[in-house]
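Here is a small set of exercises to work through with the model open in your viewer. Each one gives a task, followed by a solution in steps.

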Amino acid sequence: SNAITLSALTAWVREFGALIDTHKDELTQLDSAIGDADHGINMDRGMAAVLAALDGEEFPSNAALFKKIGMTLVSSVGGASGPLYGTFFLRFGAACGDAAEVDPEGFAKAMRAGLDGVVARGKAEAGDKTMYDALAPAVDALDDAIASGSELRAALRAAAGAAESGRDATTPMLARKGRASYLGERSVGHQDPGATSAALLMRAAASALG
Ligand code: ADP
Ligand code: MG
Ligand code: MG
């Protein structure tokens, strides 16, 4: 079967943590231009806590694994990104359900549920210059690819590419949510830090699940 196993999902989260660690200085640098210079620090603290929480633990289901991940992010990250990513993973896991694997269609639906959670939490819309602007096109691309019969590997590559294009498209945007919105016009011309970490989440999915 082409089901995504619990251990593959765990590998995705571990790969995301590794990419965050590699890119933490870049993420903090981006946040120093339009925020408070802590996005890399926040995400690295959160993902280090997640990886520590996963070590040596066995989880009975997708929902249990991602509940642990989401709760750990919410409780270990002080910034806006902790509750936003935490909610993403909590909703993702709840939508994945109580099995210990998920098929590609279920994975795409769970990604949509995670994205809906980010919106429920932060109220971002397209073009507000947030992580939504990388995640939403990725989820759309994933849906389209799976619905048209693509292999998971190709679908995840399309999603990762869409996230990177969405990330790049945040540069000319004027921020309307989060700290960057306090800068008004001065937020224009800078890539959004959260859209940058969200593109890493999708890159991790393409490399660990594809
Ligand atoms: P803080 O702004 O509290 O220091 P971080 O620096 O860790 O938190 O995260 C900033 C990122 O969070 C932004 O670059 C943006 O992508 C994302 N963000 C902020 N507010 C929102 C929101 N309301 N909805 C979605 N994403 C948001
Ligand atoms: Mg910040
Ligand atoms: Mg902060």
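**Exercise 1. Classify A8 by its surroundings, then find what it meets far along the chain.**

Please keep in mind that this is a predicted model.

Step 1. Count the C-beta neighbours: A8 has 16 inside 10 Å, so it counts as partly exposed. A buried residue would need 20 or more, and an exposed one 12 or fewer.

Step 2. Place the residue: A8 sits in helix α1, residues 6-34.

Step 3. Look for contacts beyond four places in sequence: A8 touches A208 and L209.

Step 4. Check the distance to the far end: 202 residues separate A8 from G210 along the chain, yet their C-alpha atoms are 9.6 Å apart.

**Exercise 2. Test whether the chain has the radius of gyration of a compact globule.**

Step 1. Work out the expectation: for 210 residues, a compact globule would have a radius of gyration near 17 Å.

Step 2. Compare: the chain has 16 Å, which agrees with that expectation.

Step 3. Add the outline: along the principal axes, the C-alpha atoms fill a box of roughly 50 × 40 × 30 Å.

Step 4. Look inside: 53% of the 210 residues count as buried. Among contacts between residues at least 6 apart in sequence, 67% join residues at least 24 apart.

**Exercise 3. List the elements of the chain in order and relate them to the annotated domain.**

Step 1. Count: the chain holds 8 helices and 2 strands.

Step 2. Read from the N terminus: the order is β-α-α-α-α-β-α-α-α-α.

Step 3. Consult the record: an unreviewed UniProt entry places the feature "domain: DhaL" at residues 7-207.

Step 4. Describe that span: residues 7-207 are 71% helix and 1% strand, and the end C-alpha atoms lie 14 Å apart.

**Exercise 4. Check the length of helix α6 and decide how enclosed it is.**

Step 1. Predict the span: at 1.5 Å a residue, the 16 residues of α6 (residues 132-147) should cover 22 Å.

Step 2. Compare: the end C-alpha atoms of α6 are 22 Å apart, in agreement.

Step 3. Judge burial: 12 of the 16 residues of α6 are buried, so the helix is largely enclosed by the rest of the structure. Among them are Y132, L135, V139, L142 and I146.

Step 4. Identify the partners: the buried residues of α6 pack against α5 (104-122), α7 (152-169) and α8 (193-209).

Step 5. Look just past the end of α6: G149 takes a positive phi of about 90 degrees.

**Exercise 5. Describe the shell around ligand 1, then zoom in on one of its closest residues.**

Step 1. Gather the shell: 24 residues surround ligand 1, and the closest are G79, S81, G122, G178 and G194.

Step 2. Sort by class: the shell has 8 nonpolar, 9 polar and 7 charged residues.

Step 3. Sort by helix: α2 (39-54), α4 (81-96), α5 and α8 each supply at least two shell residues. The largest share, 3 residues, comes from α8.

Step 4. Zoom in on G178, in the loop between α7 and α8. With 23 other C-beta atoms within 10 Å, G178 is buried.

Step 5. Trace its links: leaving out residues up to four places away in sequence, G178 touches A80 and T130. G178 and D128 are 50 residues apart in sequence, and their C-alpha atoms are 9.3 Å apart in space.

Note on methods:
Residues are numbered from 1 along each chain as its sequence is written. Chains are lettered from A and ligands numbered from 1 in the order in which they are written. This is a predicted model: local features need pLDDT of at least 70, side-chain atom pairs count only at pLDDT 80 or more; totals for chains, interfaces and linings use all residues. Helices (H or I, at least four residues) and strands (E, at least two) are DSSP runs, numbered from the N terminus. The expected span of a helix is 1.5 Å times one less than its number of residues. Two residues are in contact if their C-beta atoms, placed from the backbone, lie within 7 Å. A residue is near a molecule or strand if its C-beta atom, placed from the backbone, lies within 6 Å of it. Ala, Val, Leu, Ile, Met, Phe, Trp, Tyr, Cys and Pro count as nonpolar, Asp, Glu, Lys and Arg as charged, and the others, Gly among them, as polar. UniProt positions are given in the numbering used here, feature names are shortened, and annotations may be inferred rather than shown by experiment. The radius of gyration is taken over C-alpha atoms; the globule rule is 2.2 Å times the number of residues to the power 0.38.
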